Amino acid sequence: MEIGSLKGKALPPPCLLPQNTAPPLRPRINFSQLSHADHTLTRIQTSGIIACLRANTAELAMEAARAALSGGITVLEIVRSTPGVFEVLKQLVNDYPTTVLGVGTVLNIEDARKAVGAGAKFLMSPAIVKDVIDMDGFQNGEVLYIPGAMTPTEILSAHDSGAKIVKVYPVSVLGGVQYISALKKPFPHISMVASQGITIDSVGEYIANGASSVVLSDAIFDKEAMAQNNFIVIRQLAHFATLQASQVLEM
(Lines give C-alpha, C1' and ligand atoms only; values in the text may rest on other atoms or scores of the structure.)
Protein backbone atom coordinates (compact mmCIF):
# COMPACT_ATOMS: atom_id res chain seq x y z
CA MET A 1 0.00 0.00 0.00
CA GLU A 2 1.34 3.45 -0.89
CA ILE A 3 1.87 5.86 1.98
CA GLY A 4 -0.92 8.39 2.19
CA SER A 5 -3.77 6.30 0.85
CA LEU A 6 -6.41 3.80 1.88
CA LYS A 7 -7.86 2.10 -1.20
CA GLY A 8 -7.16 5.26 -3.17
CA LYS A 9 -8.42 7.58 -0.43
CA ALA A 10 -5.98 10.48 -0.23
CA LEU A 11 -4.93 11.61 3.20
CA PRO A 12 -5.65 15.27 3.84
CA PRO A 13 -2.87 17.75 3.01
CA PRO A 14 -1.75 20.24 5.64
CA CYS A 15 -4.17 23.15 5.63
CA LEU A 16 -3.27 26.80 5.48
CA LEU A 17 -4.53 29.12 8.18
CA PRO A 18 -7.27 31.48 7.01
CA GLN A 19 -6.06 35.02 6.48
CA ASN A 20 -6.47 37.61 9.22
CA THR A 21 -6.70 34.98 11.95
CA ALA A 22 -4.25 34.27 14.72
CA PRO A 23 -4.06 31.39 17.15
CA PRO A 24 -4.71 32.08 20.83
CA LEU A 25 -1.69 33.01 22.89
CA ARG A 26 -0.34 30.11 24.97
CA PRO A 27 1.85 31.35 27.84
CA ARG A 28 4.78 29.38 29.16
CA ILE A 29 3.75 27.24 32.13
CA ASN A 30 5.69 26.12 35.18
CA PHE A 31 4.37 22.55 35.40
CA SER A 32 5.78 22.00 38.90
CA GLN A 33 3.31 24.53 40.30
CA LEU A 34 0.21 23.00 38.73
CA SER A 35 -2.38 20.62 40.20
CA HIS A 36 -2.85 17.31 38.39
CA ALA A 37 -5.95 18.67 36.65
CA ASP A 38 -4.22 21.89 35.61
CA HIS A 39 -1.25 19.92 34.32
CA THR A 40 -3.59 17.76 32.21
CA LEU A 41 -5.40 20.86 30.96
CA THR A 42 -2.14 22.43 29.87
CA ARG A 43 -1.10 19.26 28.07
CA ILE A 44 -4.41 19.22 26.20
CA GLN A 45 -4.04 22.87 25.24
CA THR A 46 -0.45 22.47 24.04
CA SER A 47 -1.40 19.36 22.05
CA GLY A 48 -4.44 20.86 20.36
CA ILE A 49 -5.84 17.38 19.67
CA ILE A 50 -7.71 14.79 21.70
CA ALA A 51 -7.81 11.54 19.72
CA CYS A 52 -11.08 9.74 20.46
CA LEU A 53 -10.97 5.95 20.15
CA ARG A 54 -13.92 3.57 20.10
CA ALA A 55 -13.47 -0.06 19.11
CA ASN A 56 -15.45 -3.30 18.99
CA THR A 57 -12.87 -5.30 20.96
CA ALA A 58 -10.23 -4.62 23.57
CA GLU A 59 -7.56 -6.07 21.27
CA LEU A 60 -8.48 -3.70 18.45
CA ALA A 61 -8.56 -0.77 20.85
CA MET A 62 -5.08 -1.58 22.12
CA GLU A 63 -3.53 -1.88 18.66
CA ALA A 64 -5.29 1.21 17.32
CA ALA A 65 -4.20 3.21 20.37
CA ARG A 66 -0.59 2.14 19.91
CA ALA A 67 -0.73 3.14 16.24
CA ALA A 68 -2.09 6.60 17.04
CA LEU A 69 0.46 7.17 19.79
CA SER A 70 3.29 6.12 17.50
CA GLY A 71 1.96 8.69 15.00
CA GLY A 72 2.46 11.49 17.51
CA ILE A 73 -0.80 11.66 19.49
CA THR A 74 -0.14 12.72 23.09
CA VAL A 75 -3.74 12.97 24.38
CA LEU A 76 -5.99 9.94 23.91
CA GLU A 77 -9.59 9.36 24.99
CA ILE A 78 -11.07 5.85 24.96
CA VAL A 79 -14.85 5.75 24.76
CA ARG A 80 -16.57 3.98 27.67
CA SER A 81 -18.50 1.61 25.37
CA THR A 82 -15.26 -0.02 24.18
CA PRO A 83 -15.15 -3.59 25.59
CA GLY A 84 -12.61 -3.90 28.39
CA VAL A 85 -12.04 -0.14 28.38
CA PHE A 86 -10.62 0.01 31.90
CA GLU A 87 -8.24 -2.91 31.33
CA VAL A 88 -7.05 -1.30 28.09
CA LEU A 89 -6.54 1.98 29.92
CA LYS A 90 -4.52 0.33 32.69
CA GLN A 91 -2.21 -1.31 30.15
CA LEU A 92 -1.71 1.92 28.21
CA VAL A 93 -1.01 3.87 31.39
CA ASN A 94 1.65 1.32 32.23
CA ASP A 95 3.19 1.33 28.75
CA TYR A 96 2.90 5.08 28.07
CA PRO A 97 3.25 6.80 31.46
CA THR A 98 3.82 10.27 29.98
CA THR A 99 0.79 10.18 27.68
CA VAL A 100 -2.42 11.94 28.75
CA LEU A 101 -5.01 9.16 28.77
CA GLY A 102 -8.69 9.49 29.58
CA VAL A 103 -12.14 7.96 29.24
CA GLY A 104 -14.98 9.46 27.22
CA THR A 105 -18.77 9.25 27.28
CA VAL A 106 -18.72 9.01 31.08
CA LEU A 107 -22.36 9.24 32.12
CA ASN A 108 -22.36 8.26 35.79
CA ILE A 109 -20.28 8.39 38.94
CA GLU A 110 -19.58 4.64 38.94
CA ASP A 111 -17.83 4.77 35.56
CA ALA A 112 -16.03 7.96 36.59
CA ARG A 113 -14.56 6.25 39.66
CA LYS A 114 -13.57 3.16 37.67
CA ALA A 115 -11.84 5.33 35.09
CA VAL A 116 -9.89 7.24 37.71
CA GLY A 117 -8.98 3.97 39.40
CA ALA A 118 -7.63 2.66 36.09
CA GLY A 119 -5.39 5.71 35.72
CA ALA A 120 -7.45 8.17 33.69
CA LYS A 121 -6.12 11.72 33.85
CA PHE A 122 -9.28 13.18 32.40
CA LEU A 123 -12.95 12.28 31.96
CA MET A 124 -15.21 13.53 29.20
CA SER A 125 -18.99 13.53 28.80
CA PRO A 126 -21.42 14.60 26.06
CA ALA A 127 -23.39 16.55 28.69
CA ILE A 128 -22.94 17.94 32.18
CA VAL A 129 -23.08 15.07 34.68
CA LYS A 130 -23.57 16.67 38.08
CA ASP A 131 -22.45 13.62 40.08
CA VAL A 132 -19.11 13.69 38.28
CA ILE A 133 -18.69 17.42 38.87
CA ASP A 134 -19.35 16.80 42.58
CA MET A 135 -16.92 13.88 42.93
CA ASP A 136 -13.91 14.39 45.20
CA GLY A 137 -11.33 13.77 42.49
CA PHE A 138 -12.70 16.63 40.43
CA GLN A 139 -13.18 19.03 43.30
CA ASN A 140 -9.66 18.52 44.72
CA GLY A 141 -7.91 18.85 41.38
CA GLU A 142 -6.78 15.25 41.01
CA VAL A 143 -8.59 14.64 37.73
CA LEU A 144 -9.74 16.91 34.90
CA TYR A 145 -13.42 16.67 33.98
CA ILE A 146 -14.55 17.95 30.56
CA PRO A 147 -18.36 18.15 30.50
CA GLY A 148 -20.22 18.56 27.23
CA ALA A 149 -22.35 21.61 26.53
CA MET A 150 -24.22 22.98 23.54
CA THR A 151 -25.72 26.37 24.35
CA PRO A 152 -24.14 29.49 25.86
CA THR A 153 -26.18 28.90 29.03
CA GLU A 154 -24.87 25.33 29.36
CA ILE A 155 -21.29 26.41 28.70
CA LEU A 156 -21.42 29.12 31.35
CA SER A 157 -23.14 26.77 33.80
CA ALA A 158 -20.42 24.15 33.35
CA HIS A 159 -17.71 26.77 33.85
CA ASP A 160 -19.40 28.21 36.93
CA SER A 161 -19.65 24.67 38.36
CA GLY A 162 -15.88 24.40 38.26
CA ALA A 163 -15.12 22.96 34.82
CA LYS A 164 -11.73 24.22 33.67
CA ILE A 165 -12.55 23.36 30.06
CA VAL A 166 -15.85 22.60 28.32
CA LYS A 167 -16.57 20.35 25.35
CA VAL A 168 -18.74 22.10 22.76
CA TYR A 169 -20.84 19.30 21.31
CA PRO A 170 -22.08 18.55 18.67
CA VAL A 171 -20.09 21.37 17.10
CA SER A 172 -20.48 20.64 13.38
CA VAL A 173 -24.27 20.55 13.71
CA LEU A 174 -24.20 23.90 15.50
CA GLY A 175 -22.13 25.73 12.89
CA GLY A 176 -18.61 24.40 13.27
CA VAL A 177 -15.78 26.94 13.29
CA GLN A 178 -18.20 29.87 13.13
CA TYR A 179 -19.97 28.67 16.28
CA ILE A 180 -16.72 28.43 18.23
CA SER A 181 -15.71 31.88 17.02
CA ALA A 182 -19.07 33.32 18.09
CA LEU A 183 -18.91 31.68 21.53
CA LYS A 184 -15.43 33.01 22.26
CA LYS A 185 -16.64 36.61 21.97
CA PRO A 186 -18.73 36.55 25.18
CA PHE A 187 -16.62 33.78 26.78
CA PRO A 188 -12.95 34.52 26.02
CA HIS A 189 -12.06 33.24 29.49
CA ILE A 190 -13.56 29.76 29.00
CA SER A 191 -11.40 27.06 27.41
CA MET A 192 -13.36 25.05 24.86
CA VAL A 193 -12.85 21.71 23.15
CA ALA A 194 -14.60 21.45 19.79
CA SER A 195 -16.08 17.99 19.30
CA GLN A 196 -18.01 16.03 16.64
CA GLY A 197 -17.55 15.73 12.93
CA ILE A 198 -14.19 17.53 12.75
CA THR A 199 -11.86 16.68 9.89
CA ILE A 200 -8.09 16.85 9.94
CA ASP A 201 -7.94 19.67 7.42
CA SER A 202 -10.08 21.91 9.68
CA VAL A 203 -8.02 21.47 12.87
CA GLY A 204 -5.97 24.61 12.33
CA GLU A 205 -9.03 26.72 11.61
CA TYR A 206 -10.78 25.61 14.80
CA ILE A 207 -7.74 26.42 16.93
CA ALA A 208 -7.16 29.73 15.15
CA ASN A 209 -10.75 30.72 15.94
CA GLY A 210 -10.54 30.04 19.65
CA ALA A 211 -10.78 26.30 20.34
CA SER A 212 -8.23 25.19 22.92
CA SER A 213 -8.32 21.71 21.39
CA VAL A 214 -10.37 19.55 19.04
CA VAL A 215 -11.63 15.99 19.33
CA LEU A 216 -10.78 13.79 16.34
CA SER A 217 -12.46 10.40 16.18
CA ASP A 218 -13.11 8.89 12.74
CA ALA A 219 -10.66 11.39 11.27
CA ILE A 220 -7.86 9.39 12.92
CA PHE A 221 -9.50 6.04 13.64
CA ASP A 222 -10.88 5.72 10.11
CA LYS A 223 -13.75 3.22 10.04
CA GLU A 224 -12.41 1.36 7.02
CA ALA A 225 -8.91 1.19 8.47
CA MET A 226 -10.29 -0.08 11.78
CA ALA A 227 -12.37 -2.73 10.01
CA GLN A 228 -9.28 -3.91 8.11
CA ASN A 229 -6.90 -3.70 11.10
CA ASN A 230 -4.89 -1.26 8.99
CA PHE A 231 -2.83 0.34 11.72
CA ILE A 232 -0.39 1.85 9.25
CA VAL A 233 -3.11 4.20 7.99
CA ILE A 234 -4.16 5.06 11.54
CA ARG A 235 -0.57 5.99 12.35
CA GLN A 236 -0.36 8.12 9.20
CA LEU A 237 -3.61 9.93 9.99
CA ALA A 238 -2.43 10.59 13.54
CA HIS A 239 0.80 12.03 12.16
CA PHE A 240 -1.04 14.34 9.73
CA ALA A 241 -3.35 15.52 12.52
CA THR A 242 -0.49 16.39 14.87
CA LEU A 243 1.23 18.29 12.07
CA GLN A 244 -1.91 20.35 11.50
CA ALA A 245 -2.17 21.30 15.17
CA SER A 246 1.54 22.05 15.54
CA GLN A 247 1.49 24.39 12.55
CA VAL A 248 -1.07 26.71 14.12
CA LEU A 249 0.18 26.38 17.71
CA GLU A 250 3.73 27.33 16.78
CA MET A 251 2.71 30.56 15.04
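Hi everyone, let me start with one pair of side chains: Arg 80 and Asp 111 form a salt bridge, with their closest N and O atoms 3.1 Å apart. By salt bridge I mean a side-chain nitrogen of Lys or Arg within 4 Å of a carboxyl oxygen of Asp or Glu. Arg 80 sits in the loop between strand 4 and helix 3, while Asp 111 belongs to helix 4, so this pair ties together parts that are 31 residues apart in sequence.

A quick word on what you are looking at: this is a predicted model, where local features need pLDDT of at least 70, side-chain atom pairs count only at pLDDT 80 or more, and totals for chains, interfaces and linings use all residues. Residues are numbered from 1 along each chain as its sequence is written, and side-chain values use heavy atoms, with hydrogens and water left out.

Is each partner of that bridge buried or exposed? Asp 111 is buried, at a relative accessible area of 11%, whereas Arg 80 is partly exposed at 26%. Here buried means under 20% relative accessible area, exposed means over 50%, and partly exposed is in between, using a 1.4 Å probe and protein chains only.

Let's stay with helix 4, which covers residues 109-117. Helices here are DSSP runs of H or I with at least four residues, strands are runs of E with at least two, and both are numbered from the N terminus. Which residues of helix 4 are buried? They are Ile 109, Asp 111, Ala 112 and Ala 115. These residues cover an arc of only 160° around the axis, which puts them on the same side of helix 4; the arc is taken from the directions from the helix axis to the C-beta atoms. On the face turned away from that buried side you find the exposed residues Arg 113 and Gly 117.

What does the buried side pack against? Its partners are helix 3 (85-95), strand 5 (100-104), strand 6 (122-124) and helix 5 (130-134), where contact means heavy atoms within 4.5 Å. At the N-terminal end, Asn 108 caps helix 4, with a side-chain oxygen 3.2 Å from the backbone nitrogen of Glu 110. Just after helix 4, Gly 119 takes a positive phi of about 110°.

Back to salt bridges: how many are there? The count comes to five. One of them joins Asp 95 and Arg 66, whose closest N and O atoms are 2.8 Å apart. Asp 95 is in helix 3 and Arg 66 in helix 2, so the pair links parts 29 residues apart in sequence. Both are partly exposed, Asp 95 at 30% and Arg 66 at 26%. Asp 218 and Lys 223 also meet in a salt bridge, at 3.7 Å from N to O. Of these two, Asp 218 is partly exposed at 37% relative accessibility, and Lys 223 is exposed at 60%.

Next, please find Ile 73, in the loop between helix 2 (58-70) and strand 4 (75-79). At 4% relative accessibility, Ile 73 counts as buried. Beyond its neighbours within four places in sequence, Ile 73 is in contact with Ile 49, Ala 51, Ala 68, Ile 220, Ala 238 and Thr 242. Ile 73 also lies 8.4 Å from Ala 241, C-alpha to C-alpha, although 168 residues separate them in sequence.

To finish, the whole protein: it has twelve helices and eleven strands, and buried residues make up 51% of its 251 residues. Thanks for listening!

Technical notes:
Polar contact = N/O pair within 3.5 Å; in protein donor to acceptor, adjacent residues only side chain to side chain.
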